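I opened this entry to keep a record of what I looked up, taking strand pairing before charged side chains.

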Amino acid sequence: MGDIAGLHWQASFRCPNGGDAFAVRLPSMNTVTIAFHGREQPVEDGRLRLHVGTAHRLIFLGDPRRVVRGDFIDCRKDSVTRCHRVSVAFHPDSARVLCVPAGVAHAFTDLEGLFVVDEPALFLPDVSSLVREGLEACAGEDAWGVAVGCPEDRLPVVQEHGHAASEKLYEFLGEELRGGSLAARGFPLGEMVGRDDVWDAHRSGADRTPDWEPVDGIGGAGWQRNLVLTSQTSAKSGVIMMTEPGVRQVVDHGVHPYEHGAYGIHVSLEDRLTFLGDGDRVARATLVDCREGSPTLHAKVEVEFRPSPFRQLIIPPGVAHALQGLSGVFTINRARPYLDRHGRYPGDQRTVEWPLDRSDYPVVPPHDGEPPRALIRHLVEGERALLRRDHPVLPAPSG
């Protein structure tokens, strides 16, 4: 989008996943968020959000026939396109990422029923301003509201922060969130998630999802509550906080029915699957325990479920699984690696496939050793190296 410097579309890291489905890869040591949007009216209708400490990388997921509108104003003091405005209409598409620089005010409309994945990059101000004013004062100025029709002579002029935050800051914020704090003091959480009226949905009572709901018949398999932030008055819209680092992926299952003809078995990876889509849809998961020494070895269980942002299905390493009825649904996988009984992690991570019509199920060695953070970082860096390539800048899509 040439009218605003740095605002552009970029190809996502995605690969075919059967039929018209694709897997979008999101390997990162930092927090990734997913916003979901219900039917309530936006709190700040007609206003653009302006952040000086966050750059956003946004993937819009949902019905490809839908049209989303985005409005942008460049408020950066030293930008060659300062005060330039852009308004664009586009369709949800997992193939591309919208990059929004810090200091560019932005707002999106017509998001009802859609999902927005964000890999936010956080930036800190100069040390001199921190010494002079403190982190709390600097961070408190980080979120602005700009009326979409604000005249040019009244637009705010901001200096975006220029120092990329270290992995330690993301790790610290993740620990604060998992510990029950809405944000570290002096660093507004709204800056990361894109809205200020956020609240832990479970603690506020807006979400009644239990912490853990086992799948009867297979030990270790079950539904675990997600960390979700919503407004204090409604759980229809909110943000899933994925604070754990790892090789994440989003599977766009497409709009046409397609099912794999085999179970997938991960020898050393635990699948953590969140299903996003129409909450009235019914999908099915078939699980078979193939873990050596398991008291439920070769037990087979079928589970029906509906998409929900509030929980994730935990499938331990060595448990075969097949999913059906996911067309029009998006699966978020936060796979977690585990070590074998000797404390080792296998170099070959290919998924074992087993035909659905064969009942002579295999037996795989157990993997349940806790992974060190160094291993997760190694896997993330390896995945990023495989994906690294020059990204073409995509043309602005038509409405």
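My notes on strands, one arginine and several salt bridges follow.

**Strand pairing.** I kept in mind from the outset that this is a predicted model. I began with strand β17 (residues 222-225), which runs antiparallel to strand β16 (residues 212-214) and is joined to β16 by three bridges. I then followed β17 to strand β25 (residues 311-315), and found that these two strands are also antiparallel, with four bridges between them. Tryptophan 223 of β17 served as my marker residue, being the bridge partner of glutamate 213 and standing opposite leucine 313 in β25.

**Arginine 248.** I next looked up arginine 248, which I located in strand β20 (residues 246-252). What does the buried arginine 248 have around it in place of a salt bridge? The nearest side chain of opposite charge belongs to glutamate 244 and is 5.5 Å away, which is beyond the 4 Å cut-off for a salt bridge. The backbone oxygen of glutamate 244, however, is reached by the side chain of arginine 248 at 2.5 Å. Leaving aside residues up to four places away in sequence, I listed the contacts of arginine 248, among them Val24, Leu26, Pro27, Met242 and Asn333.

**Salt bridges.** I found 17 salt bridges in the structure, and I examined three pairs in detail.

In one pair, glutamate 119 and arginine 57 have their closest N and O atoms 3.8 Å apart. This pair links distant parts of the chain, since glutamate 119 sits in the loop between β11 (115-118) and β12 (121-124) while arginine 57 belongs to strand β6 (residues 54-61), 62 residues apart. I noted glutamate 119 as buried because its relative accessibility is 18%, whereas arginine 57, at 24%, counts as partly exposed.

In another pair, arginine 373 and glutamate 171 meet through their side chains at 3.7 Å, N to O. Arginine 373 lies in helix α5 (residues 373-387) and glutamate 171 in helix α2 (residues 167-178), so the salt bridge ties together parts that are 202 residues apart in sequence. Arginine 373 is partly exposed, with a relative accessible area of 28%.

I also looked up arginine 344 and aspartate 340, whose closest N and O atoms are 3.7 Å apart in a salt bridge. Here I recorded arginine 344 as exposed because its relative accessibility is 51%, and aspartate 340 as buried because its value is 16%.

Finally, I traced salt bridges that share partners, and these join Glu167, Glu171, Arg373 and Arg377 into one network.

Technical notes
Residues are numbered from 1 along each chain as its sequence is written. This is a predicted model: local features need pLDDT of at least 70, side-chain atom pairs count only at pLDDT 80 or more; totals for chains, interfaces and linings use all residues. Side-chain values use heavy atoms; hydrogens and water are left out. Two strands pair if DSSP finds at least two bridges between them. Buried means under 20% relative accessible area, exposed over 50%, partly exposed in between (1.4 Å probe, protein chains only). Lys and Arg count as positive and Asp and Glu as negative; His and the chain ends are not counted. A polar contact is a pair of N or O atoms within 3.5 Å; within protein, one must be able to donate a hydrogen and the other to accept it, and residues adjacent in sequence count only if both atoms are side-chain atoms. Contact means heavy atoms within 4.5 Å.
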